[in-house]
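Look at the structure below before reading on. The text then takes up a pocket, a pair of helices and the confidence of the model.

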Amino acid sequence: MVKDKIILGIDPGTTIMGYGVIHIKNNKMSLLAMGSINLTKIDTHFMKLKKIFERTNYLIDEYKPDEVAIEAPFMGKNPQSMLKLGRAQGISIAVALSREIPVTEYSPKKIKQSITGKGTASKEQVAGMLVSLLKIKTIPTHLDASDGLAVAVCHYFQMGKPVGEKGYTGWKAFIKENPGRAK
């Protein structure tokens, strides 16, 4: 059982970096912040990395997370893109570790499955589920923000799961087993 913890979730990117911050108190989750950092107007890759470094430092100073969760880069068709994404992720990881904040990495599929019950869910489906879980008024303009939030929520869902805890095959199975929890 999680008593009191702040989790920063990061969806790394060199075009747009998404983040979400949640507070866990007495095993109840609440949204502290969600947003995105637009890097499109920055000319060079190295200056984008500098901005990621600065903004990650700012987020840690502002919200003082106990843990950081980050999305793992996925293998795409372009090796250069994956290399740049890995650098962006590495910067955020290095900032957290330099502050002695534990970091956990999750695959995109694991995050989607944790939030929606389906590892192939769309960004819109993930955002919709987060709106429901955290009672968010509006979905952000950039879904990278909800992706960052999804990483934090995934981390919370993965924490302290006892061996043998009941799993569900999807949302329908969860509702069937927990009719009073889905409203």
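How many residues of each class, nonpolar, polar and charged, are in the lining of the second largest pocket? There are 11 nonpolar, seven polar and eight charged ones; Ala, Val, Leu, Ile, Met, Phe, Trp, Tyr, Cys and Pro count as nonpolar, Asp, Glu, Lys and Arg as charged, and the others, Gly among them, as polar.

This is a predicted model, in which local features need pLDDT of at least 70 and side-chain atom pairs count only at pLDDT 80 or more, while totals for chains, interfaces and linings use all residues. Residues are numbered from 1 along each chain as its sequence is written, and side-chain values use heavy atoms, without hydrogens and water.

Among the helices (DSSP runs of H or I, at least four residues, numbered from the N terminus), α2 (79-98) gives the most to this lining, four residues. α3 (108-116), α4 (123-134) and α5 (143-158) each supply at least two.

Two packed helices are described by the angle between their axes and the distance between the axes. The axes of α3 and α5 come within 9 Å and cross at roughly 70 degrees; axes are lines fitted to C-alpha atoms over the stretch in contact, and angles run from 0 to 180 degrees between N-to-C directions. α3 is therefore roughly perpendicular to α5 (65 to 115 degrees). In this contact (heavy atoms within 4.5 Å), α3 uses K110, I111, S114 and I115.

The mean pLDDT (the predictor's confidence in each residue, from 0 to 100) is 88.

Methods
Parallel < 35°, antiparallel > 145°, perpendicular 65-115°, else oblique.
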